[in-house]
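This report is written for someone meeting the structure for the first time. It moves from single elements to the whole chain, one topic under each heading.

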Amino acid sequence: FSATMPQDIAELARHMLKDPAKVSVTPQATTVERIAQRIVHVDRGSKPKMLSDIILAEKVDRVLVFTRTKHGADKVVRGLIKDGISAEAIHGNKSQNQRERVLKDFRNGRVKTLVATDIAARGIDVEGISHVINFDVPASPDDYVHRVGRTARAEQKGDAFLFVAPEEEGNLRAIERAIHNQLPRVVLPGFDYTKKAAE
């Protein structure tokens, strides 16, 4: 059972299984309609401030933030704590006990912001995630679909933000091609790098 089926796994299954049956609930690379997805163009150095501002401005129950690297996750957590936001990181460098403690605190609401890498987040099944924020644009469209699918579960609505720096535009285009949808762009005050580039 998987929210996404990467091509490598499909190939492995094809070699190992004889006449397997595949059951799919939704087409590959589709996102739930109840998720309000928004693209925010921002230069890389402004991402930490934007993240704090969104978490403080939005009505957040639980927010799951995705970063590309373990080091990046720890750095994001330090920035959030500095801005007065309770946050924890979960990634491969944490012990099993640390990961279980962090997930327990996230589930019971002691920690409202969880920062994770894709690998560590594969096992996260937490209800009531109101927001998913992609601090870094994932390299794979399947990863994007998997990430935003953490919100809007059990018939609830959810919000997803994707922070896109200029050097990440190629990955954004690949995501939009894969999901057959051009995602809406929003401008948050003070974070429109397109205006700066035009000046």
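## Helix 6

In this predicted model, helix 6, which spans residues 141–148, is mostly covered, with eight of its eight residues buried. The buried residues are Pro141, Asp142, Asp143, Tyr144, Val145, His146, Arg147 and Val148, a list in which residues such as Asp142, Asp143 and Arg147 count as charged and nevertheless fall among the buried ones.

The N-terminal end of helix 6 is capped by Ser140, whose side chain places an oxygen 3.1 Å from the backbone nitrogen of Asp142.

## Strand 2 and its neighbours

Strand 2, made of residues 63–66, is covered on both faces: Val63 and Val65 are buried on one side, while Leu64 and Phe66 are buried on the other.

Strand 2 has a partner in strand 4 (residues 113–116), to which it is joined by four bridges in a parallel arrangement, and here Leu64 has Leu114 as its bridge partner. Strand 2 is also joined to strand 5 (residues 131–134), again by four bridges and with the two strands running parallel, and in this pairing Phe66 stands opposite Asn134.

## The sheet as a whole

Strands of a sheet pair through backbone hydrogen bonds, and the pairing may be parallel or antiparallel. In this model seven strands form an open sheet in the order 3-4-2-5-6-1-7, with parallel pairing. Strand 3 (87–90) and strand 7 stand at the edges, and because each has a single partner strand, one side of each is left without a neighbour in the sheet.

At one of these edges, strand 7 pairs with strand 1 in the parallel sense over two bridges, and Val40 stands opposite Val186 of strand 7.

## Arg38 and Arg44

Arg38 is found in strand 1. Is this residue, Arg38, buried or exposed? Arg38 counts as buried because its relative accessible area is 18%, which is under the 20% cut-off. The side chain of Arg38 makes a polar contact of 2.4 Å with the side chain of Asp159. Leaving aside residues up to four places away in sequence, Arg38 touches Glu58, Asp159, Ala160, Phe161, Leu162, Pro184 and Val186, so that Val186, which stands opposite Val40, also appears among the residues touched by Arg38.

Arg44 lies in the loop between strand 1 (35–41) and helix 2, and with a relative accessible area of 36% it is partly exposed. Arg44 and Glu167 are separated by 123 residues in sequence, yet their C-alpha atoms are 8.9 Å apart in space, and their side chains make a polar contact of 2.9 Å. When residues up to four places away in sequence are not counted, Arg44 touches Asp136, Ala165, Glu167 and Glu168.

## The second largest pocket

Rolling a probe the size of a water molecule over the atoms shows where empty space is left. The second largest pocket has a volume of about 280 Å³. Its lining consists of 14 residues, and those that lie nearest its centre are Pro48, Gly72, Lys75, Val76 and Phe135. Helix 2 (47–57) and helix 3 (70–82) are the elements that give two or more residues to this lining, and helix 3 gives the most, with five residues.

By residue type, the lining of the second largest pocket divides into five nonpolar, five polar and four charged residues.

## His180

Most residues other than glycine have a negative phi. His180, by contrast, has a positive value, with phi near 55°. His180 is placed in the loop between helix 7 (169–179) and strand 7 (185–186). His180 is exposed, because its relative accessible area is 73%, over the 50% cut-off.

## The chain overall

The protein chain holds eight helices and seven strands. The chain has 199 residues, of which 44% count as buried. Among contacts with a separation of 6 or more in the protein chain, 76% are accounted for by residues 24 or more positions apart.

Key
Residues are numbered from 1 along each chain as its sequence is written. This is a predicted model: local features need pLDDT of at least 70, side-chain atom pairs count only at pLDDT 80 or more; totals for chains, interfaces and linings use all residues. Side-chain values use heavy atoms; hydrogens and water are left out. Buried means under 20% relative accessible area, exposed over 50%, partly exposed in between (1.4 Å probe, protein chains only). A polar contact is a pair of N or O atoms within 3.5 Å; within protein, one must be able to donate a hydrogen and the other to accept it, and residues adjacent in sequence count only if both atoms are side-chain atoms. Two strands pair if DSSP finds at least two bridges between them. On a 1 Å grid over the protein atoms alone, a cavity is a set of points where a 1.4 Å probe fits but cannot get out, and a pocket is an open set with protein on both sides within 12 Å along at least five of seven lines; lining residues have an atom within 4 Å of a point. Grid points are joined across faces, edges and corners, and a volume is the space filled by probe spheres set on the points. Contact means heavy atoms within 4.5 Å.
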